[in-house]
Amino acid sequence: MKFLNRESYTVVEKDNKTWSGRFNEPVSELVQRYTASVGFDHKLAEYDIQGSLAHARMLAATGNISAADLAAIEKGMAQIRDEIEKGVFDWQLEREDVHLNIEQRLTALVGDAGKKLHTARSRNDQVATDIRLYLRAAIDDIIGLIRALQHALLDLAEQHADTIMPGFTHLQVAQPIAFGHHLLAYQEMLQRDTQRLQDCRKRVNQLPLGAAALAGTSYPIDRASVARELGFDGICRNSLDAVSDRDFAIEFCACAALLMTHLSRLSEELILWMSPAFGFIQLADRFCTGSSIMPQKKNPDVPELVRGKTGRINGHLVALLTLMKSQPLAYNKDNQEDKEPLFDTVDTLRDTLRIYADMLTGLHVNQAAMRQAALRGYATATDLADYLVKKGVPFRDAHEIVAQAVRFAENKRCDLSDLSLAELHQFSNVIETDVFQVLTLEGSLQSRDHPGGTAPRQVRLAISQAREALGSRDND
Ligand code: ARG
């Protein structure tokens, strides 16, 4: 489709008609620009055509228009579709929005049949239908892209089921974990994001057409057949609600904000890990940029932008909530403002998910640096406390004993596992040589061997369960 910006559509100033015989003067050019939405809602063109065709077929089946009218409408719409696809459709600002642009072109092509298309319909139920069709397709696409990202995440987790890194709380070294286990946390978040989108889809996939302007229509119509033809699960039950609420779009933006928030958290980690202070990972060069002044720099621009774009996605959610609040029933022109935030949310999510899957595939992991960091932070201190508890020491006493041992090791500038048995005996005489098994990073991981734990065996199990739940990647 030809790219449109505010300046690129035709403005026919001389021909700036009034709305109808009731109006004494045309709107000014500024008002025309201010009220027009064709600059962005042309994105709905394909869904507008699908909705119009289903509506026209229903009108013919119910005897509201003739078979000949329907044939003319179908023929005209085929040509319009073709013109839009080829980028030669003449979008006109004067025709305000995607709906009037298409309808007036149809009438120019097929005459009176085009004028009959709007029987038993209003732009209010028309636009609500278009957005729902658009959003349904977008949700399906986004769910597929999340799945592709999850496959990339699971592949990386599998390669690193045994790779040890420090797990953090408060960004301080806490306990050793498998890097694969860390990645699986994001797998869970993405799985819930998908579930939320699937649930949101049910409420998106209801047909507004038939509500007309707000009260329904006096023509004999068949809403169920239109719903069936357009693949809706059902019809919006109340005509006022059908044309006015955009809660389904708000709900989608809330799902999007959570999804971006998850990706923003992972991005923050990638950025930290790539800093030489951590040195845990390298992103492939195609996701980084250099500095114009500091030749040594390689900046993780892509994760930084994902983190930054989360702000704009959150902003769109707040924009839509604010747009909706205080609107009296039923349709108000305010709702025209729903489109740009919604479209930008969809476009940003699509790009982000695509880039992310590729970025994870090209991630280089520095296992030695991760291991070193886990050793530096006394990550097995809890394991020593647990060891003492298992030998009969009350947990609070064990906690204090280990605190003293850590302090001693800190002064000696060594790890707990580097202390001799004699040195450890200063703190507790229940300690025996078997302590060294729990003080190693591997021993620590392996001991957390239950569903949801970080033992490499559990990580591998979780990966295969996640793969099963996700289905094969051929479905992507
Ligand atoms: N462009 C409008 C929108 O996006 C279409 C509906 C206009 N309806 C009306 N009564 N002015 O909401």
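This is a short talk on how the domains, cores and salt bridges of this structure fit together.

Okay, hi everyone. One thing up front: what you have in front of you is a predicted model. Let me start with the overall layout.

The domain assignment splits the protein into three pieces. Domain 1 is residues 6–12 plus 26–119, domain 2 runs 124–371, and domain 3 covers 375–461.

Now the inside. In general, nonpolar side chains in soluble globular proteins tend to be buried together. Here, the largest nonpolar core has 112 residues. Which residues have the most contacts inside that core? They are Phe 252 and Ile 281. And if you ask which helix gives the largest share of this core, that's α7, residues 123–159, with 17 residues. Apart from that core there's another one, of 21 residues, and among them are Tyr 378, Leu 388, Ala 409 and Leu 424.

Let's zoom in on Ile 281 for a second. Skip its neighbours within four places in sequence, and Ile 281 is in contact with Leu 270, Trp 273 and Met 274, and also with Leu 363, His 364, Val 365 and Met 370.

While we're talking about buried residues, have a look at His 262. You'll find His 262 in helix α11, residues 247–274. Is His 262 buried or exposed? The relative accessibility of His 262 is 9%, so it counts as buried, the cut-off for that being under 20%. Setting aside residues within four places in sequence, His 262 has contacts with Tyr 186, Met 189, Asp 193 and Arg 196.

Next, how domain 2 and domain 3 meet. Their centres, taken over C-alpha atoms, are 41 Å apart. At the contact itself, 13 residues of domain 2 touch 16 residues of domain 3. The area buried between domain 2 and domain 3 is about 1,400 Å², and carbon and sulfur atoms give 57% of that. On the polar side, there are two salt bridges between domain 2 and domain 3, and seven residue pairs in polar contact. Which elements give two or more residues to the domain 2 side of this contact? Those are β2 (172–178) and α8 (179–204). β2 gives the most, with six residues. If you want a pair to click on, try Arg 460 and Asp 162: their side chains meet in a salt bridge at 2.3 Å, N to O.

Now, salt bridges across the whole structure. A search finds 34 of them. I'll walk you through a few.

Take Arg 57 and Glu 229, whose side chains meet at 2.5 Å, N to O. Arg 57 sits in helix α3 (residues 45–61) and Glu 229 in helix α9 (residues 223–230), so this pair ties together parts that are 172 residues apart in sequence. Arg 57 is partly exposed, at 32% relative accessible area, and Glu 229 is partly exposed as well, at 41%.

Then there's Glu 96 with Lys 333, a salt bridge at 2.5 Å, N to O. Both residues come from loops: Glu 96 from the one between α4 (67–86) and α5 (98–110), Lys 333 from the one between α12 (301–324) and α13 (339–361), so the pair ties together parts 237 residues apart in sequence. What about accessibility? Glu 96 counts as buried, at 9%, whereas Lys 333 is partly exposed, at 36%.

My last pair is Arg 371 and Glu 442, at 2.8 Å, N to O. This one links helix α14 (residues 367–376), where Arg 371 sits, to helix α19 (residues 441–447), where Glu 442 sits, and the two residues are 71 apart. Arg 371 is partly exposed at 32%, and Glu 442 is partly exposed at 34%. Going back to Glu 96 and Lys 333 for a moment: salt bridges that share partners join those two with Asp 97 and Arg 123 into one network.

I'll finish with Lys 391. Where is Lys 391 found? In the loop between α15 (381–390) and α16 (395–412). Lys 391 is partly exposed, with a relative accessible area of 30%. Not counting residues up to four places away in sequence, Lys 391 touches Val 430, Glu 432 and Asp 434. And for a sense of distance, the C-alpha atoms of Lys 391 and Ala 242 are separated by 67 Å, with their positions 149 residues apart along the chain.

That's it from me, thanks.

Methods: Residues are numbered from 1 along each chain as its sequence is written. This is a predicted model: local features need pLDDT of at least 70, side-chain atom pairs count only at pLDDT 80 or more; totals for chains, interfaces and linings use all residues. Side-chain values use heavy atoms; hydrogens and water are left out. A nonpolar core is a set of buried Ala, Val, Leu, Ile, Met, Phe, Trp, Tyr and Cys residues joined through side-chain atoms within 4.5 Å. Buried means under 20% relative accessible area, exposed over 50%, partly exposed in between (1.4 Å probe, protein chains only). Helices (H or I, at least four residues) and strands (E, at least two) are DSSP runs, numbered from the N terminus. Contact means heavy atoms within 4.5 Å. Domain bounds come from an automatic or database domain assignment. Buried area is the accessible area (1.4 Å probe) that two parts lose on being put together, summed over both. A salt bridge is a side-chain nitrogen of Lys or Arg within 4 Å of a carboxyl oxygen of Asp or Glu. A polar contact is a pair of N or O atoms within 3.5 Å; within protein, one must be able to donate a hydrogen and the other to accept it, and residues adjacent in sequence count only if both atoms are side-chain atoms.
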